[in-house]
Amino acid sequence: MKRTLGLALLAIVLVASLGFAPAAYADDASAEVSANGVGKLQAQGDGIAILFGRGNVELSGNGTLWVKDTAGNARIEVTGYGVKKEFPDGWIQYAGLRGTASIKGSNIRVVVAGVSIDLDAKGHGGAILWGHGTYELNGRSSDWGNNTLPRPIRLAPAE
């Protein structure tokens, strides 16, 4: 429980400080794994996943989920347990999430902090993963959170 709370607090700080301007995070020395471009990302683990751009995100896990639809056309479906709260700046929080979410849109921001995260993202945009687990990026598998600072991963040339 303390670990999930700590991850949630870190995610809140990241949401507040980054503001989620769509930028390449290549110089972010604190990121365990980052990606930017076009493609498919599948990840499983414990920690924080931040995704932004145009596409589809399917996820499940236990923790807290934040979603922002900056284009106003997203389809957001969340099932399971948790408390939904909408903020004036457009962010929607699902605290205590134990379930699944499906998010599709042309300009979305998705942050999930917790344990047993399983996500599948397809589209154009970027992703940052903190914590530990495994991921597959466009067919290449690797670990995240192995206490080394990996080079940022580029999905493919941006459109």
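**Salt bridges, a hairpin and two cores**

K84 and E86 form a salt bridge in which the closest N and O atoms lie 3.4 Å apart. This is read from a predicted model. K84 is partly exposed, since its relative accessible area is 49% and the partly exposed class ends at 50%. E86, with a relative accessible area of 55%, is exposed, because the exposed class covers values over 50%.

The count of salt bridges in the model comes to two. The other pair to look at is E77 and R75, with 3.1 Å between the closest N and O atoms. E77 has a relative accessible area of 44% and is partly exposed. R75 is partly exposed as well, its relative accessible area being 38%.

The next step is from these side chains to the strands. Strand β2 runs over residues 75–86. It pairs with β3 in the antiparallel sense, and eleven bridges link the two strands. At one of these positions, E77 has S102 of β3 as its bridge partner. β2 and β3 make up a hairpin, with four residues between the strands. In the turn sits G90, which has a positive phi of about 100°.

Strand β3 also holds Q93. Is Q93 buried or exposed? Its relative accessibility is 17%, so Q93 counts as buried; the limit for buried is under 20%. The side chain of Q93 makes a polar contact of 3.0 Å with the side chain of W66. Leaving aside neighbours within four places in sequence, Q93 is in contact with T64, L65, W66, V83, K84, K85 and F87. K84, from the salt bridge with E86, is thus met again as a contact of Q93.

L65, another contact of Q93, leads into the nonpolar interior. The largest nonpolar core has 24 residues, and those that touch the most other members are L51, L59, L65, V110 and L119. At least two residues of this core come from β1 (33–69), and at least two from β3 (91–137). Which strand gives the largest share of this core? It is β3, with 15 residues. Not counting residues up to four places away in sequence, L65 touches L59, V78, I92, Q93, Y94, L97, A101, V110, V111 and V112. Apart from this core lies another, made of eight residues that include I48, W66, W91 and A113. W66 is therefore both a member of that eight-residue core and the partner of Q93 in the polar contact.

Note on methods. Residues numbered from 1 in each chain as written. Predicted model: local features only at pLDDT ≥ 70, side-chain atom pairs only at ≥ 80, totals over all residues. Heavy atoms only, no water. Core = buried A, V, L, I, M, F, W, Y, C linked by side-chain atoms within 4.5 Å. Buried < 20%, exposed > 50% of the residue type's maximum accessible area, 1.4 Å probe, protein only. Contact = heavy atoms within 4.5 Å. Polar contact = N/O pair within 3.5 Å; in protein donor to acceptor, adjacent residues only side chain to side chain. Pairing = 2+ DSSP bridges. Salt bridge = Lys/Arg side-chain N within 4 Å of Asp/Glu carboxyl O.
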